[in-house]
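Colleague: I am new to this structure and would like a close look at a single part, the place where one domain meets another. Could you take me through that part slowly, and then set it in the chain as a whole?

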Amino acid sequence: MVSEAPPFWWSKADWRAWALYPISFLYGRAAGYRMANAKRASVPVPVICVGNFTVGGAGKTPTALTIARAAKAKGLKPGFLSRGYGGSLDVTTVVDPVHHRALAVGDEPLLLAREALTVISRRRVEGAQRLVKEGVDLIIMDDGFQSARLAIDYALLVIDATRGLGNGHIVPGGPVRAPIRQQLRYATALLKVGGGEAADNIVRIAARAAKPYFTASLKVCDSADLSGRNVLAFAGIADPSKFFRTVESVGVHIAARRSFGDHEHLTDDEIDDILTTAESDGLQIVTTSKDFVRLAGHHGKAEELAAKCRVIEVEMAFEDALAPSLIIDRAINACRDRRLKEGRKA
């Protein structure tokens with residue numbers, strides 16, 4: 001499965017974006033109406049949604065992992081709720097990181113399940129209820145902000161500082177999922193990731209709407225032994241260039257790079273190309289944790305590539321180290337207020 005984000009979404013709006021504008025307008029109206037009018041189901045624990053304004057990666061999964069670690073440090077039992085994008089299972093499932101494969105549950109849920117209890121469900125309410133049944137006391141939604149299915153206590157929208165909102169058009173003419181002002185109405189705060197300027201305008205708009213924002217960056221966890229080495233880097237994520245920049249930021253020289261679609265499972269020919277190039281040029285193969293879990297559990301060429309890969313692990317580092325704890329506290333307070341209001345209405 002490949003990314004649904006064509007390259008023209010991430011440059012200045014051209015004839016393609018404007019040709020699709022009538023469809024984008026209708027899509028935006030429908031998405032905005034759903035966010036404003038959908039009946040949101042309630043669960044008895046705080047719900048933090050880590051979402052974004054656009055289709056494609058902005059750092060949601062590393063952000064969700066950082067918040068989960070902060071929750072565990074506070075003595076809480078967090079659980080992740082994911083749609084399981086890229087996986088084949090269409091029933092609500094507790095993810096087993098040892099036995100499940102990415103083909104079944106998706107790559108991101110496998111990463112989340114290493115950190116905390118993770119449930120995938122095409123029906124988010126059902127998935128949230130399953131997490132409550134499993135005993136979690138905090139739900140962290142990885143995406144799902146625009147679905148408007150579940151009552152959210154804290155909505156943190158992640159935006160990449162290099163790509164921003166792309167051409168600013170709504171799907172299918174651009175990457176934006178719903179009208180920006182409508183999304184801001186239901187957002188609690190923004191998280192700007194990286195040091196670029198592409199997100200500055202939306203941050204200013206959010207500030208005028210009294211929405212706070214945090215800043216963070218992706219940090220490589222352990223790469224000292226790779227500094228100065230020549231590598232072949234491959235990535236099948238929404239923005240492979242972000243991974244390549246992160247690798248180069250720690251002094252690693254990328255002699256060859258291969259980009260694939262988001263969530264894409266590599267063919268034997270693609271794997272052969274990677275293995276042959278790395279061997280002939282004497283390059284260490286490096287990749288993302290998402291790409292690696294898609295190789296895990298397979299045999300043949302995929303197994304061979306997995307054995308020769310070095311995973312570059314990254315984490316979301318908030319500029320304010322206390323920010324994740326603050327987000328959790330505010331979600332807990334918002335949940336308490338929500339439950340009180342529900343009790344008065346009952």
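Modeller: The domain assignment, which is automatic or taken from a database, divides the chain into domain 1 (35-218 + 317-344) and domain 2 (222-312). The model is a predicted one, in which local features need pLDDT of at least 70 and side-chain atom pairs count only at pLDDT 80 or more, while totals for chains, interfaces and linings use all residues. Residues are numbered from 1 along each chain as its sequence is written, and side-chain values use heavy atoms, with hydrogens and water left out.

Taken over C-alpha atoms, the centres of domain 1 and domain 2 are 27 Å apart. Where the domains touch, 17 residues of domain 1 are in contact (heavy atoms within 4.5 Å) with 13 residues of domain 2. Between them the two domains bury about 1400 Å², of which 58% is on carbon and sulfur atoms; buried area here is the accessible area, found with a 1.4 Å probe, that two parts lose on being put together, summed over both. Of the area that domain 1 buries against domain 2, 32% comes from Arg101, Asp107 and Leu111, more than from any other three residues.

Charged pairs also cross this interface, since the rule for a salt bridge (a side-chain nitrogen of Lys or Arg within 4 Å of a carboxyl oxygen of Asp or Glu) finds four of them between domain 1 and domain 2. Asp160 forms a salt bridge with Lys242, and their closest N and O atoms are 2.9 Å apart. Four residue pairs, both members at pLDDT 80 or more, are in polar contact between the domains, a term for a pair of N or O atoms within 3.5 Å, where within protein one must be able to donate a hydrogen and the other to accept it, and residues adjacent in sequence count only if both atoms are side-chain atoms.

On the side of domain 1 that touches domain 2, helix H4 (102-105) and helix H5 (107-113) each supply at least two residues, and H5 gives the most, with four residues. Helices (H or I, at least four residues) and strands (E, at least two) are DSSP runs, numbered from the N terminus. The residues of this side divide into seven nonpolar, four polar and six charged, where Ala, Val, Leu, Ile, Met, Phe, Trp, Tyr, Cys and Pro count as nonpolar, Asp, Glu, Lys and Arg as charged, and the others, Gly among them, as polar.

Following the chain on from H5, one comes to Glu115 in the loop between H5 and strand E4 (117-120). The side chain of Glu115 makes a polar contact with that of Arg69 (3.2 Å).

As for the wider setting, the chain has 13 helices and 13 strands, and its C-alpha atoms fill a box of roughly 70 × 50 × 40 Å along the principal axes.
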